[in-house]
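Student: Before we accept the labels attached to a structure, could we go through the reasoning behind some of them?

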Amino acid sequence: VNLNSYQQTHMLTSGLLPAGQVGFVKLTPESGKKILAKTSQYFYKTNGTVSSAYTSNARKLLTGDLYSSYNTFLAQSNWIKLFNFDSEMAVVNLDVYNSDGSLKGSRSFNVAAKRGMDLNLNSDLSLGLANNKYGMMRIRSSKTSFAADNLRYNVSMDGSYLDIGKVLPFR
């Protein structure tokens with residue numbers, strides 16, 4: 001994509017992925033050029049109207065230990081989104097801590113090269129997270145071309161659609 005100074009464009013990428021798959025976009029500006037990028041994710045009710053959306057900023061990849069928080073108050077769920085930009089598989093370690101700093105549990109995952117992975121912190125990882133709790137998470141990766149987000153969300157009272165969504169990047 002070629003853009004002039006201060007020009008913007010919008011790209012619909014959802015059709016590029018198979019249904020239910022996770023992906024990412026890697027942007028590389030020309031040498032010396034700077035870009036500002038955001039991504040938006042929309043969630044729909046069964047009648048096709050938008051129930052919720054969230055926007056996250058593009059960011060540089062960070063190295064070392066990355067941290068974010070989780071929160072299960074108000075029946076919030078926490079989806080961990082892992083992204084491996086490397087050309088080889090990444091081994092990812094996730095440590096989950098209670099609010100008092102004690103270790104709740106640890107899990108390891110293999111994230112395929114140039115792929116993403118979604119994990120439901122509340123249910124998929126058998127950590128026994130209870131409602132009305134909060135704490136910290138740490139991610140360590142064997143690769144430096146790696147990023148992670150926590151999508152914290154609620155569903156509607158009847159459970160039929162996403163009500164609130166917020167992205168908390170691991171930093």
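The conversation below takes up several labels in turn, for a model that is predicted.

Student: Why is threonine 72 called buried?

Tutor: Threonine 72 has a relative accessible area of 1%, and buried means under 20%, so the label applies to threonine 72. Its place is the loop between strand S3 (66-71) and strand S4 (77-84).

Student: What makes the approach of threonine 72 to alanine 130 a polar contact?

Tutor: The side chain of threonine 72 reaches the backbone oxygen of alanine 130 at 2.7 Å, and the limit for such a pair of N or O atoms is 3.5 Å, so the distance satisfies the cut-off. Alanine 130 is also among the residues that threonine 72 touches, a list that includes Asn78, Asn122 and Lys133.

Student: How do you know that valine 1 is exposed?

Tutor: The relative accessible area of valine 1 is 79%, and exposed means over 50%, so valine 1 is classed as exposed. This residue is found in the segment before strand S1 (38-44), and together with Leu3 and Met11 it forms a nonpolar patch on the surface, with about 350 Å² of accessible area for the three together.

Student: Which residues have the most contacts inside the largest nonpolar core?

Tutor: That core has 20 residues, and those with the most contacts inside it are Ile80, Leu82, Leu94, Leu121, Met137, Ile139 and Phe146. Among the elements that give two or more residues to this core are S3, S4, strand S8 (134-141) and strand S9 (146-155), while S5 gives the most, with four residues. Isoleucine 139 touches Ile80, Leu82, Leu94 and Phe146, among others. Apart from the largest core lies another, of five residues, among them Tyr54, Tyr153, Leu162 and Val167.

Student: Why is lysine 114 called partly exposed, whereas serine 126 is called exposed?

Tutor: Lysine 114 has a relative accessibility of 48%, and partly exposed covers the range between 20% and 50%, so lysine 114 receives the intermediate label. Serine 126 has a relative accessible area of 63%, which is over the 50% limit, so serine 126 counts as exposed.

Student: What makes the phi of lysine 114 worth a remark?

Tutor: Most residues other than glycine have a negative phi. Lysine 114, in the loop between S6 and strand S7 (115-120), has a positive phi of about 55° although it is not a glycine. Serine 126, which lies in the loop between S7 and S8, likewise has a positive phi, near 50°.

Methods. Residues are numbered from 1 along each chain as its sequence is written. This is a predicted model: local features need pLDDT of at least 70, side-chain atom pairs count only at pLDDT 80 or more; totals for chains, interfaces and linings use all residues. Side-chain values use heavy atoms; hydrogens and water are left out. Buried means under 20% relative accessible area, exposed over 50%, partly exposed in between (1.4 Å probe, protein chains only). A polar contact is a pair of N or O atoms within 3.5 Å; within protein, one must be able to donate a hydrogen and the other to accept it, and residues adjacent in sequence count only if both atoms are side-chain atoms. Contact means heavy atoms within 4.5 Å. Patches are made of residues with over 30% relative accessible area and no salt bridge: like charges are joined within 9 Å, nonpolar side chains (Val, Leu, Ile, Met, Phe, Trp, Tyr) within 5 Å. Accessible areas come from the Shrake-Rupley method with a 1.4 Å probe; for residues, only the protein chains shown count as cover. A salt bridge is a side-chain nitrogen of Lys or Arg within 4 Å of a carboxyl oxygen of Asp or Glu. A nonpolar core is a set of buried Ala, Val, Leu, Ile, Met, Phe, Trp, Tyr and Cys residues joined through side-chain atoms within 4.5 Å. Lists of a residue's contacts leave out its neighbours within four places in sequence.
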